[in-house]
Amino acid sequence: MRAMKAGAKTEGLSLDTLAVHAGQPPDPTSGAVMTPIVLSSTFAQRAPGEHQGFEYGRSGNPTRRALEACVAALEGGRHGFAFSSGLGAETTLLTLLRTGDHVLCGDDVYGGTFRLLDKVLAPLGISSSFVDLSDLGRVRDAFRPNTRMVWLETPTNPLLKIFDIGALASLARDRGALVVVDNTFATPVLQSPLALGATAVVHSTTKYLNGHSDVIGGAVVTSDAELAERIGFQQNAIGAVPSPFDCYLVLRGIKTLGLRVRQASYTAAMIADKLSRHPQVERVIYPGLKSHPGHALATQQMTGYGGMISFVVKGGLPHASAFLSALEIFSCAESLGGVESLAEHPAIMTHASIPEAQRRALGIDDGLVRLSIGVEAADDLWTDVERALKRAAG
Ligand SMILES: *Cc1c(COP(=O)(O)O)cnc(C)c1O
């Protein structure tokens with residue numbers, strides 16, 4: 001496994017192989033096959049300034065370095081950085097901007113990203129516009145001379161809109177702006193933003209990468225050496241770094257990333273299809289359905305449609321709420337991407353901070369329910385959904 005050392009060439013190997021090995025050669029001091037959790041906050045130097053690559057735990061840690069190399073390899077990027085949360089990763093990246101700069105952001109982004117841009121960066125003089133990125137004409141008009149960054153998610157949350165990463169990246173490149181893609185929903189199993197022209201990828205590793213709902217974490221990957229240098233500096237200067245134990249858990253979770261995401265996508269496709277033919281369901285939003293407006297683009301830019309489904313229950317809030325309470329295998333909870341299936345009500349739970357008028361304009365109805373499909377048996381999950389729909393109807 002010499003080829004798997006951090007920074008080694010990983011081209012030609014498939015994601016499933018990289019997930020198990022990239023950045024994780026057997027430990028040279030003991031032969032340990034699994035990456036040791038190195039808790040030490042400081043590292044001895046042979047002479048002042050003469051060290052083995054690690055000085056102080058905020059600046060660098062061997063367990064974290066293994067995770068950073070692994071995530072970089074999965075995204076097909078040269079440089080990876082791990083953080084204490086997805087928002088820690090985002091904040092670190094956004095501090096590369098200066099007062100007077102402008103961010104062009106998708107209008108259906110993670111609520112925490114919106115809050116960060118709107119409540120934290122705007123008062124510092126870094127402005128943002130929130131635009132429907134599926135309309136490239138509107139995107140062109142939304143660029144300003146001071147637009148330094150385009151920020152997008154695809155598929156989006158909770159409406160699973162699909163945006164054209166390649167087209168947006170080329171618009172941004174022509175105007176000298178960086179393109180950041182939040183790849184949390186798609187994961188590198190289904191989508192490779194860097195290969196499509198993005199400058200950097202961000203992750204909430206809390207979701208699919210860790211995959212077991214027991215870590216809060218984030219990551220950034222880029223192949224741009226100059227940008228990587230600046231991100232590395234900010235990572236150390238700001239200090240939103242993950243603990244070695246959390247790095248170990250995410251590394252462990254990543255080993256089964258491909259298996260989990262493919263299984264969740266398989267089950268989600270089956271459930272979305274059945275839901276779309278169910279009399280109590282008004283509308284199903286799943287990129288794998290031909291009825292989805294982004295279906296063709298998703299087919300072209302992704303290798304699968306993912307484990308997230310949104311759908312509108314007939315009868316609005318009372319029925320959606322009764323459905324969520326009646327589920328037995330799915331837990332009613334926020335978050336996504338774990339081995340366990342979750343269901344939630346965006347208008348009341350994850351997206352409650354968005355003003356009602358804006359929620360409606362985006363299409364977040366009171367009957368809208370979001371499912372995160374886990375790795376349980378597909379038939380058991382469908383039985384649970386069908387039974388809960390029946391109970392919701394009274
Ligand atoms: C959860 C999430 C985040 C924020 O990540 P945290 O780890 O909760 O800080 C960012 N983007 C997306 C798409 C998410 O789902």
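Me: Which residues of β6 are on one side, and which are on the other?
Reply: A200, V202 and S204 are on one side, V201 and H203 on the other, and all of these are buried, so both faces of β6 are covered. Buried means under 20% relative accessible area, exposed over 50%, and partly exposed in between (1.4 Å probe, protein chains only).

Me: What kind of model is this?
Reply: This is a predicted model, where local features need pLDDT of at least 70, side-chain atom pairs count only at pLDDT 80 or more, and totals for chains, interfaces and linings use all residues. Residues are numbered from 1 along each chain as its sequence is written, and side-chain values use heavy atoms, with hydrogens and water left out.

Me: Back to β6. Where is it, and how many of its residues are buried?
Reply: Strand β6 covers residues 200-204, and five of its five residues are buried. Helices (H or I, at least four residues) and strands (E, at least two) are DSSP runs, numbered from the N terminus.

Me: Which strand runs parallel to β6?
Reply: That is β5 (residues 178-182), joined to β6 by three bridges. V181 stands opposite V201 in β6. Two strands pair if DSSP finds at least two bridges between them.

Me: And which one runs antiparallel to β6?
Reply: β7 (residues 218-222) does, with five bridges to β6. The partner of H203 in β7 is A219.

Me: What about the sheet with β8 in it: what is the strand order?
Reply: The order is β8-β9-β12-β11-β10, an open sheet of five strands with mixed pairing. β8 and β10 (331-332) stand at the edges with a single partner strand each, so each has one side without a neighbour in the sheet.

Me: How many bridges are there between β9 and β12?
Reply: Five, and the two strands pair in the antiparallel sense. F311 stands opposite V369, which is in β12.

Me: Switching to helices. How many residues of α3 are buried?
Reply: Seven of the nine residues of α3 (residues 86-94) are buried, so this helix is largely enclosed by the rest of the structure. The buried residues are G86, G88, A89, E90, T92, L93 and L94.

Me: When do two aromatic rings count as a pair?
Reply: Rings of Phe, Tyr and Trp (its six-membered ring) pair if their centres lie within 6.5 Å; planes under 30 degrees apart are stacked, over 60 edge-to-face, and the rest tilted. By this rule there are five aromatic pairs. One of them is F43 with F54, a tilted pair at 5.5 Å centre to centre with 40° between the planes.

Me: Where do F43 and F54 lie?
Reply: Each lies in the loop between α1 (15-21) and α2 (62-74), so the pair ties together parts eleven residues apart in sequence. F43 and F54 are both buried.

Me: What sort of pair do Y286 and Y305 form?
Reply: An edge-to-face pair, 6.5 Å centre to centre, with 65° between the planes. Y286 lies in the loop between β8 (281-285) and α11 (295-301), and Y305 in the loop between α11 and β9 (308-313), so this pair ties together parts that are 19 residues apart in sequence.

Me: Is Y286 buried or exposed?
Reply: Y286 counts as buried because its relative accessibility is 1%. Y305, at 24%, counts as partly exposed.

Me: Last one. What sits over the ring of F143?
Reply: The charged end of R175, 5.0 Å from the ring centre. A charge sits over a ring if NZ of Lys or CZ of Arg is within 6 Å of the ring centre and within 35 degrees of the ring normal.
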